[in-house]
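Subject: Structure for you to look at

Hello,

Here is the structure I promised to pass on. Please open it and keep it beside you while you read my notes.

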Amino acid sequence: KHHGVSTKLVDDITDGMEDLVKGDVAGVVCDKHLAQYYLKLPRYKGKIKIAPFAVTDQLESYAFAVRKGNRRLLPRINRGIDLVKPNKQELEIYREWLQ
């Protein structure tokens, strides 16, 4: 439905991050502050990168966590964010996928 993107729900963000570093998923969507926390943990340090983005004018924001060295996915995420920001599509995306 969404250009070959599939989702996987996890019970805990740690499960998502574990799947990410094992290569079982290409990315994780979570709260920006959680992503920054995991980025600093010894288990994940140097293995993931984050691409923070805001989806509303509220203070809350989210981040994509991408396995470090994944040079295909991170530029695509950043390009997608750049494409939706000028015309405010991020709010529509937020409502469809994150609410």
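D19 and K22 both sit in helix α1. They are three residues apart, about one turn of the helix. An α-helix has 3.6 residues a turn, so residues three or four places apart point the same way. D19 and K22 form a salt bridge, and their closest N and O atoms are 3.9 Å apart. Keep in mind that this is a predicted model.

Are the two partners buried or exposed? D19 counts as buried, because its relative accessibility is 8% and the cut-off is under 20%. K22 counts as exposed, because its 55% is over the 50% mark.

**The charged network**

Side chains of opposite charge can pair when their charged atoms come close. D19 has a second partner: its side chain meets that of K8 in a salt bridge, at 2.6 Å from N to O. This pair links distant parts of the chain. D19 is in α1 (residues 13–22), while K8 is in the segment before α1, eleven residues away. The side chains of D19 and K8 also make a polar contact, at 2.6 Å.

K22 has another partner too. It forms a salt bridge with D24, with the closest N and O atoms 3.8 Å apart. Put the pairs together and you get a network of salt bridges that links K8, D19, K22 and D24. The total count is four salt bridges.

What else does D19 touch? Leave out residues up to four places away in sequence, and the list is K8, V10, D24 and V25.

**Helix α1 from end to end**

Start at the beginning of α1. There, a side-chain oxygen of D12 reaches to within 2.6 Å of the backbone nitrogen of T14. Next, look at which residues of α1 are buried: I13, G16, M17, D19, L20 and V21. After α1 comes G23. Its phi is positive, near 90 degrees.

**The overall layout**

Now zoom out. The protein has 99 residues, and 27% of them count as buried. It contains four helices and three strands. From the N terminus on, the order is α-β-α-β-β-α-α. Consider the contacts between residues at least 6 apart in sequence. Of these, 49% join residues at least 24 apart.

**The cores**

In soluble globular proteins, nonpolar side chains tend to be buried together. The largest nonpolar core here has 13 residues. Which of them touch the most other members? They are M17, L20, V28 and I48. Several elements contribute: α1, β1 (27–31), α2 (32–40) and β3 (62–67) each supply at least two residues of this core. The largest share, four residues, comes from α1.

M17 is a good residue to click on. Leave aside its neighbours within four places in sequence. M17 is then in contact with V28, C30, A35, Y38, Y44, I48 and A65. Apart from this core lies another, of six residues. Among them are A51, V66, I77 and I81.

**Helix α3**

Helix α3 covers residues 73–84, which makes twelve residues. How far should those twelve residues span at 1.5 Å a residue? The expected span is 16 Å, because the rule takes 1.5 Å times one less than the number of residues. The end C-alpha atoms are 17 Å apart, which agrees.

In α3, L74, I77, I81 and V84 are buried. They cover an arc of only 105 degrees around the axis, so they lie on the same side of α3. The face turned away from this buried side carries the exposed residues R76, R79 and D82.

**One more spot**

Find Q36, which lies in helix α2. Is Q36 buried, exposed or partly exposed? It is partly exposed, because its relative accessible area is 31%, between the 20% and 50% cut-offs. Q36 and P52 are 16 residues apart along the chain. Their C-alpha atoms are separated by 9.3 Å.

If you want a route through the model, start with D19 in α1. Then follow the salt bridges that link K8, D19, K22 and D24. After that, turn to M17 and its contacts, including V28 and I48. Finish at α3, with its buried residues L74, I77, I81 and V84.

Best wishes

Terms used
Residues numbered from 1 in each chain as written. Predicted model: local features only at pLDDT ≥ 70, side-chain atom pairs only at ≥ 80, totals over all residues. Heavy atoms only, no water. Buried < 20%, exposed > 50% of the residue type's maximum accessible area, 1.4 Å probe, protein only. Polar contact = N/O pair within 3.5 Å; in protein donor to acceptor, adjacent residues only side chain to side chain. Contact = heavy atoms within 4.5 Å. Arc of directions from axis to C-beta. Core = buried A, V, L, I, M, F, W, Y, C linked by side-chain atoms within 4.5 Å.
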